[in-house]
Amino acid sequence: MKFFNGSMTLKICEAHDLKPTDCSTRHQIAKGALLIDPYISVDVDDNEVARTTTKTKTLTPVWNENFVTEVHNGRTIGLTVFHDAAIPPDDFVANCSIPFEEIKEKTNDLWVDLEPNGQIHIVLELQGSTSEEPPKERVFKEKEGLLNRRRGAMRRRVHQVNGHKFMATLLRQPTFCSLCRDFIWGLWNQGYQCQVCTCVVHKRCHKSIVTKCPGSKEDGSEEGPRVKINVPHRFSVHNYKRPTFCDHCGSLLYGIVKQGEQCGDCKINVHKRCKKNVANSCGINPKEFAKVIRDIGLTPDTRKKPSISTDSPNKDKQGRLTSPLPDLEKKKNGNKIPYMRSHTVASM
Ligand SMILES: [Zn+2]
Ligand SMILES: [Zn+2]
Ligand SMILES: [Zn+2]
Ligand SMILES: [Zn+2]
């Protein structure tokens, strides 16, 4: 893991192919091309350092806004797209993160893949130094700085585990944890809901989740020991005679008949809207499985993996923009940086 100290100049140019998440549209009746009012929150190691203005009713916002910020022992830059909601909290749309150690100390013109959807175009310039260890005497100063900054910034954090993007969520209806199956009690921000696949868990449970988020782009295949589960459920429409809760998102299956779908094998019950987001983990008790995983010493993957493209499908064809990435990245298979994955392992 490397640390960056110095000044960062960031230009947020534009984003493409944004899409409201399933989570933000799950109560909407009319699906389809919903437009959003996006803004970008920029953070360094989970502390917000900048925020763009909001663009209205678009999935292809153009900002061209510049930010300069001092970075002390920075490890990762995070970019999160939010929809500026009329009634707070704002909806998560997509995010990405870029470790400082992957950025050259000069101008970087980058297209970065967002998860679960979209790409963002940024220009990044770093002036300063990168070191293996954080300089000791600066650690203390840095902490004070962070506290000061935090006081002003109201911001929702994204907690990433196995591709799930959990955010503390105010639950409006009785909800059960999709990991331990217990009821989620509490009055404020009690649940952690994945903004991509809509599953809800306790805060205390979110780090134990073993299934990979179905909305995640990461294949996760070549990184270290990881348990793969791939047993699909066999869902069919079901009539429930008593109130039944969705085993995925934890809320009630509503209606008089055909309220949801049940798996013929493991008997879990889900909303029709939730079916596509259920992991292929038929027959696996998530709580017990999480315990087994812990016992054999594996931990869920909380790394955030960046994926930077050299080419935007839309832009390159028109020849308007090119992305002069460092040489290393260009040589192999187009749009993924091959060495990025192995390096991020060190962070854990
Ligand atoms: Zn998820
Ligand atoms: Zn739980
Ligand atoms: Zn559901
Ligand atoms: Zn099943």
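# Notebook: two open sheets and two cores

I began at the β9-β10 pair, where Gln 160 has Lys 165 in β10 as its bridge partner. Three bridges hold β9 and β10 together in the antiparallel sense; I take two strands as paired if DSSP finds at least two bridges between them, and I use helices (H or I, at least four residues) and strands (E, at least two) as DSSP runs, numbered from the N terminus.

I note for the record that this is a predicted model, in which local features need pLDDT of at least 70, side-chain atom pairs count only at pLDDT 80 or more, and totals for chains, interfaces and linings use all residues. Residues are numbered from 1 along each chain as its sequence is written, while chains are lettered from A and ligands numbered from 1 in the order in which they are written.

**Entry: the chain as a whole**

I looked up the confidence before going further: pLDDT, the predictor's confidence in each residue from 0 to 100, averages 79 over the chain, and 74% of the residues score at least 70. I marked two stretches where pLDDT stays under 50, namely residues 139-153, with eight contacts beyond four places in sequence, and residues 220-225, for which the model also has eight such contacts. A contact here requires the C-beta atoms of two residues, placed from the backbone, to lie within 7 Å.

The chain has six helices and 16 strands, and 39% of its 348 residues count as buried. I call a residue buried if 20 or more other C-beta atoms lie within 10 Å of its own, exposed if 12 or fewer, and partly exposed in between, with C-beta atoms placed from the backbone. Among contacts between residues at least 6 apart in sequence, 64% join residues at least 24 apart.

**Entry: the sheet from β9 to β12**

I followed β9 and β10 into an open sheet of four strands, ordered β9-β10-β11-β12 with antiparallel pairing. Its edge strands are β9 (159-161) and β12, each of which pairs on one side only. The twist averages 35 degrees from one strand to the next, with axes being lines fitted to C-alpha atoms (for helices over the stretch in contact) and angles running from 0 to 180 degrees between N-to-C directions.

Four bridges join β10 to β11, which run antiparallel, and here I found Phe 166 with Cys 194 of β11 as its bridge partner. On its other pairing, β11 meets β12 (residues 200-202) over three antiparallel bridges, with Gly 191 standing opposite His 202. Five residues lie between the strands in the hairpin of β11 and β12, and Thr 198 there takes a positive phi near 70 degrees.

Is β11 buried or exposed on its two faces? I found both faces covered, since Gly 191 and Gln 193 on one side and Tyr 192 and Cys 194 on the other are all buried. In a regular strand the side chains alternate between the two faces of the sheet.

I then looked at Arg 172, in the loop between β10 (164-169) and β11 (191-194). Arg 172 counts as exposed because it has 8 C-beta neighbours inside 10 Å. Its C-alpha atom is 9.8 Å from that of Leu 187, 15 residues away in sequence.

**Entry: the sheet from β2 to β6**

The other open sheet I looked up has four strands in the order β3-β2-β5-β6, again with antiparallel pairing; β3 (47-51) and β6 (91-99) are the edge strands, each pairing on one side only. Neighbouring strands are turned by 25 degrees against each other on average, direction ignored. Strand β2 (residues 38-44) is joined to β3 by four bridges, one partnership being that of Val 44 with Asn 47.

Between β5 (76-83) and β6 I stopped at Ala 85 in the loop, which is exposed because 12 other C-beta atoms lie within 10 Å. Leaving aside neighbours within four places in sequence, Ala 85 is in contact with Asp 90 and Asp 91. Ala 85 and Pro 38 are 47 residues apart in sequence, yet 9.2 Å apart from C-alpha to C-alpha.

**Entry: the cores**

I define a nonpolar core as a set of buried Ala, Val, Leu, Ile, Met, Phe, Trp, Tyr and Cys residues joined through C-beta atoms within 7 Å. The largest one has 35 residues, and those with the most contacts inside it include Val 81, Val 93 and Leu 124. Elements giving two or more residues to this core include β1 (3-16), β2, β5 and β8 (119-131), and β1 gives the most, with six residues. A second, separate core of 29 residues includes Cys 194, Cys 199, Cys 249 and Val 270.
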